[in-house]
Amino acid sequence: MLQEVSPCLNVTVYLRKQEGGFDYYATGKVQTSPDHKLLAWTEDTTGAENYKLRVKDIAKGTEVVEPLSATSFAWASNSLTLFYVGTDLFGRPSKVQRRTIGDDDEETVYEASSSPRELVGVIEKNDFIFIHKDSAKQ
């Protein structure tokens, strides 16, 4: 399965379905870094919506971090830092973490309360990263 990432870059990336021999494969978010040198995407290979965040150097074709458990992500404007949403033991989006490419350390930026109704997310807009919190209704 080939997926065009950005028409202006004319980059295509093989996204592992046939390579991995998975019975199920779905991509979530796919986005290049602001400088268009890195590609990040989330993938689910089980059908259980257990997404992994993967990051690849486009020019070298190599992955630059170990896969991270994440439901979504946002690039910082420096093109090296990712903010991503991690899950709790029940798979709920519960914390926003920060990881800089080339650094193995990750930092929890925000963690939801223990309430199963509180969910978090992250989006980028212009030069800003927004962390949002939603409460599910009973």
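In this predicted model, E124 has a relative accessible area of 23% and is therefore partly exposed, since that class begins where the buried one, under 20%, ends. The partner of E124 is K29: the two residues form a salt bridge in which the closest N and O atoms lie 3.5 Å apart. This pairing ties together distant parts of the chain, with K29 in strand β3 (residues 26-32) and E124 in strand β12 (residues 118-125), 95 residues apart. K29 is likewise placed between the buried and exposed classes, because its relative accessibility is 26%.

The salt bridge between K29 and E124 belongs to a total of seven in the model. Another joins the side chains of E43 and R54, with an N to O distance of 3.3 Å. Here too distant parts of the chain are linked, E43 lying in strand β4 (residues 38-44) and R54 in strand β5, eleven residues apart. The burial of this pair can be read from the accessibilities: E43 counts as buried because its value is 2%, and R54 counts as buried because its value is 10%.

A further salt bridge connects the side chains of R99 and E106 at 3.9 Å, N to O. R99 has a relative accessibility of 9% and so counts as buried, whereas E106, at 41%, counts as partly exposed. Returning to E43 and R54, salt bridges with shared partners join these two residues and E63 into one network.

Strand β5, which spans residues 52-57, also contains K52. With a relative accessible area of 37%, K52 is partly exposed. Beyond its sequence neighbours up to four places away, K52 touches W41, T42, E43, P67, L68, S69 and A70. One of these contacts therefore leads back to E43, a residue that counts as buried because its relative accessibility is under 20%. For another of them, A70, the C-alpha atom is separated from that of K52 by 5.4 Å, although the two residues are 18 apart along the chain.

K52 and A70 are also among the residues that line the largest pocket. The other lining residues are A48, E49, N50, Y51, S69, T71, T87, G91 and P93. The space in this pocket amounts to about 230 Å³. By residue class, the lining divides into four nonpolar, five polar and two charged residues.

A70 leads from the pocket lining to the largest nonpolar core. That core has twelve residues: L38, A40, L53, V55, V65, L68, A70, F73, W75, L82, Y84 and I101. Strands β4, β5, β8 (72-75) and β9 (81-87) each supply at least two residues of this core. Strand β5 thus appears in two settings, because it holds R54 of the salt bridge with E43 and also supplies residues to the core. Within the core, I101 touches L38, V55, V64, V65, L80 and L82, leaving aside residues up to four places away in sequence. A second core, separate from the one just described, has eight residues, including F83, V85, V96 and V120.

Note on methods:
Residues are numbered from 1 along each chain as its sequence is written. This is a predicted model: local features need pLDDT of at least 70, side-chain atom pairs count only at pLDDT 80 or more; totals for chains, interfaces and linings use all residues. Side-chain values use heavy atoms; hydrogens and water are left out. Helices (H or I, at least four residues) and strands (E, at least two) are DSSP runs, numbered from the N terminus. Buried means under 20% relative accessible area, exposed over 50%, partly exposed in between (1.4 Å probe, protein chains only). Contact means heavy atoms within 4.5 Å. On a 1 Å grid over the protein atoms alone, a cavity is a set of points where a 1.4 Å probe fits but cannot get out, and a pocket is an open set with protein on both sides within 12 Å along at least five of seven lines; lining residues have an atom within 4 Å of a point. Grid points are joined across faces, edges and corners, and a volume is the space filled by probe spheres set on the points. Ala, Val, Leu, Ile, Met, Phe, Trp, Tyr, Cys and Pro count as nonpolar, Asp, Glu, Lys and Arg as charged, and the others, Gly among them, as polar. A salt bridge is a side-chain nitrogen of Lys or Arg within 4 Å of a carboxyl oxygen of Asp or Glu. A nonpolar core is a set of buried Ala, Val, Leu, Ile, Met, Phe, Trp, Tyr and Cys residues joined through side-chain atoms within 4.5 Å.
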